[in-house]
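Please look through the model shown here with attention to how its helices and strands are placed against one another, and to a few points where the backbone calls for a second look.

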Amino acid sequence: MSMRCHWYALPILFALTASVFGDAAAPRTRTFQFTYSATVTGLKPDEAARIWLPVPQTTNDQDVTVVAAPKDAKLTKEKKAGNAMYYLEARADADGKIPVEMAFLVKRKEVKGEEKLSADEKAKLADYLKPDAKVPVDGKPLDLIKDKKLPADPSEIARVLYDVVNAHMRYSKEAPGWGRGDSVWACESGFGNCTDFHSLFLSLARSEKIPAKFEIGFPLPEKHGTGDVAGYHCWAKFSPDGKVWVPVDISEANKNPKLKDYYFGNLTEDRVTFTTGRDLELSPKQDGELLNFFIYPYVEIGGKAYPQEKIVRKFAYQDK
């Protein structure tokens, strides 16, 4: 689709609008330990495995300190998005298992409004307009906006796209196909989880020449304390001017309609970011295909990806 304006030349309205970002109170913070454990099962005794584990990093949104790391693991970083990871080569014990565990102390802040792009992100800004394997910038997803007259301002366009995705999608895991972050599937099915919601948003935003990126991590319950975390959560950020990011969490807005305005431009402090981006080549390079996204352990045996169902995962938090 053609752009209706030069997105890089327009002002940002979000940070100035209380109705979008809530009140002017200082961002809330939350400090907690996050423990990430996994056990590779079903191996032969002494069978060798290559294991990659995603590692959260300190960003504008969070401060992260490593509390515990897997034995003999090497900290590496991939080139595309700068994601950090632990890489190790290990052998199964007598029971055919390889247990790994890591822990992080996280101070997370509520994201309220815009945050500046890093110098590296500015240099790679064009990459945030490109399609991913499951996130096209043309075709079926664009049917959702083909009859809409979009506003001129990129910030306002993004709000329209946010509302379009929220109205079209329903948070549900009622049938196979959800959870792959496939925007064509999401458009056709009209339901899914957070990956499906935000992949659809990325397709629409990028089609309108608005740079947008995918972030994934883990959610924490609002109530402080200690407990387990069932699985991942993801969200997206877009850049209306090439200088700042603005966050959106459409799947949470869909589950909590009263917070629909809040989740356009804000993120709660009840989360931790682990990685960003899609179609990732790990470090060192995996023998298998590029990773659709990277949040759970990735394991290879004999040069082939090991089934996720044979990797027992456990995630836990403890507030400080």
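What follows is a walk through one helix and its surroundings, then the neighbouring sheet, and finally some details of the backbone in this predicted model.

A pair of packed helices is described by the angle between their axes together with the distance between those axes. Helix α3, which covers residues 154-168, packs with helix α5, residues 194-207, at an angle of about 145 degrees, and the two axes lie 10 Å apart; the crossing of α3 and α5 is right-handed. On the α3 side the contact is formed by A158, L161, Y162, V164, V165 and H168, which meet F197, L200, F201, L204 and A205 of α5. By character, the residues of this contact between α3 and α5 divide into ten nonpolar and one polar, with no charged residue among them.

Helix α5 deserves a closer reading. Its 14 residues, counted at 1.5 Å a residue, should span 20 Å, and this agrees with the 20 Å that separates the C-alpha atoms at the ends of α5. Because 14 of the 14 residues of α5 are buried, that is, under 20% relative accessible area, the helix is largely enclosed by the rest of the structure. Just after α5 the backbone reaches K209, which takes a positive phi of about 65 degrees.

Besides packing with α3, α5 also lies across the strands β11, β13 (233-238) and β14 (244-248), and runs at about 15 degrees to β13. These strands belong to an open sheet of five, in the order β8-β14-β13-β11-β16, whose pairing is antiparallel. The edges of the sheet are β8 (115-116) and β16 (271-276), each of which pairs on one side only. Between β11, residues 212-219, and its antiparallel partner β16 there are five bridges, and E215 stands opposite T276 of β16.

The loop between β16 and β17 (298-301) holds P284, and the peptide bond leading from S283 to P284 is cis, with omega near -5 degrees. D279 is found in the loop between β16 and β17 as well, and has a positive phi of about 55 degrees although it is not a glycine. A positive phi near 70 degrees is also found at D46, again a residue other than glycine, in the loop between β1 (29-40) and β2 (48-55).

Is each of these two aspartates buried or partly exposed? D279 has a relative accessible area of 16% and is therefore buried, whereas D46, with a relative accessible area of 47%, is partly exposed.

Conventions:
Residues numbered from 1 in each chain as written. Predicted model: local features only at pLDDT ≥ 70, side-chain atom pairs only at ≥ 80, totals over all residues. Heavy atoms only, no water. Axes fitted to C-alpha atoms, helices over the stretch in contact; angles between N-to-C directions. Helix = DSSP H or I, 4+ residues; strand = E, 2+ residues; numbered from the N terminus. Left-handed = near helix turned anticlockwise from the far one by under 90°. Contact = heavy atoms within 4.5 Å. Nonpolar A, V, L, I, M, F, W, Y, C, P; charged D, E, K, R; others polar. Pairing = 2+ DSSP bridges. Expected span 1.5 Å × (residues − 1). Buried < 20%, exposed > 50% of the residue type's maximum accessible area, 1.4 Å probe, protein only.
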